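Colleague: I should like to learn how the features of a model such as this one are to be read. May we go through them in turn?

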Amino acid sequence: MSDIDGIYKKEENKNVQNDEVDEAAVLKQLVQEEEREKGKSGFSVYWRYITTAYGGALVPFILLAQIFFQILQIGSNYWMACATPVSKDLKPAVGSFTLIIVYLALAIGSSFCILARATLLAAAGYKTATLLLNKMHLCISQAPMSFFDATPSGRILNRASTDQSVVDMDVPHHIEAFAFSMIQLLGIIAVMSQVAWQVFIVFIPVIATCIWYQMFLIFQYLVIGLIKEYDSPAKLLENKLSSFAQLVAEYIMRSNSSSQ
């Protein structure tokens with residue numbers, strides 16, 4: 001009888017283990033891997049972000065404020081160059097009072113342009129972030145139960161916190177920096193074309209070289225895969241050639257040497 005009982009107990013333990021394995025397999029199948037896209041974002045993504053708040057009605061005013069600011073800055077430089085005498089022997093074209101008043105007026109106008117630009121940009125960014133957050137909460141609240149079974153709660157919280165913070169802070173500033181840099185570059189080109197057009201002989205090849213080098217780096221790091229944008233730390237540690245794995249190895253080596 002004791003042998004029979006032992007056999008029954010072994011069979012029960014096997015059944016329990018098989019049930020646990022089946023449940024783990026079911027849970028593993030339920031939790032889906034997160035979809036990730038690699039590469040560069042198209043213009044349609046940024047255009048959709050820009051036109052989210054008020055249909056993009058604030059964008060022309062922001063650009064106009066930056067354009068007027070750039071024009072006033074160029075005007076200030078022109079005024080100081082024209083009104084200030086080259087040497088002490090030459091008589092100034094205008095008096096000191098007129099020179100200061102005009103320059104002060106241009107500076108005040110530039111300040112108002114910066115104020116208008118910053119206010120409109122903050123309003124557009126805040127409205128866009130609020131709309132995107134509300135849409136995300138609406139989609140989560142209306143999602144079926146299968147979505148919560150297949151999606152870990154930590155992933156949802158990460159999207160609602162970290163990624164939302166990137167949308168709130170980083171994306172508007174990146175778009176702002178790109179647009180304002182382009183306007184500033186066009187202003188510099190306009191000034192240089194009037195003062196010394198010979199600079200374009202060097203300027204155009206330099207721009208072409210910079211664009212080519214940028215595309216080359218994007219190809220090296222994203223297409224070939226020297227450093228992948230969305231690799232997890234575990235995958236980066238598996239690849240001994242990755243920068244992350246080399247940094248970790250160097251940190252461990254220095255920690256061991258310091259402890260000894």
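Modeller: The discussion below takes up the fold, the cysteines, a surface patch and the aromatic rings. Please bear in mind that this is a predicted model.

Colleague: How many helices and strands does the protein chain have?

Modeller: The protein chain has nine helices and zero strands. Along the sequence, the order therefore reads α-α-α-α-α-α-α-α-α.

Colleague: What share of the residues of the protein chain counts as buried?

Modeller: Residues count as buried when their relative accessible area is under 20%. In this protein chain of 260 residues, 14% meet that criterion.

Colleague: How many disulfides does the structure hold?

Modeller: In general, a disulfide is a covalent bond that joins the sulfur atoms of two cysteines. Here there are zero disulfides.

Colleague: Are C113 and C210 buried or exposed?

Modeller: C113 is buried, because its relative accessibility is 13%, under the cut-off of 20%. C210 has a relative accessible area of 47% and is therefore partly exposed.

Colleague: Which residues make the nonpolar surface patch?

Modeller: The patch is formed by F61, L63, L64, I67, F68 and I71, and covers about 550 Å². One of these residues, I67, belongs to helix α3, which spans residues 59-83. With a relative accessibility of 35%, I67 is partly exposed, and patch residues must have over 30%.

Colleague: What sits over the ring of F69?

Modeller: The charged end of R117 does, at 5.9 Å from the ring centre. As for pairing between rings, the structure contains zero aromatic pairs.

Definitions and conventions. Residues numbered from 1 in each chain as written. Predicted model: local features only at pLDDT ≥ 70, side-chain atom pairs only at ≥ 80, totals over all residues. Heavy atoms only, no water. Disulfide = S-S within 2.5 Å. Buried < 20%, exposed > 50% of the residue type's maximum accessible area, 1.4 Å probe, protein only. Patch = residues over 30% accessible without salt bridge, like charges linked within 9 Å, V, L, I, M, F, W, Y side chains within 5 Å. Areas by Shrake-Rupley, 256 points an atom, 1.4 Å probe, with all protein chains shown as cover. Salt bridge = Lys/Arg side-chain N within 4 Å of Asp/Glu carboxyl O. Helix = DSSP H or I, 4+ residues; strand = E, 2+ residues; numbered from the N terminus. Phe/Tyr/Trp six-rings, centres within 6.5 Å; stacked < 30°, edge-to-face > 60°. Lys NZ or Arg CZ within 6 Å of the ring centre and 35° of its normal.
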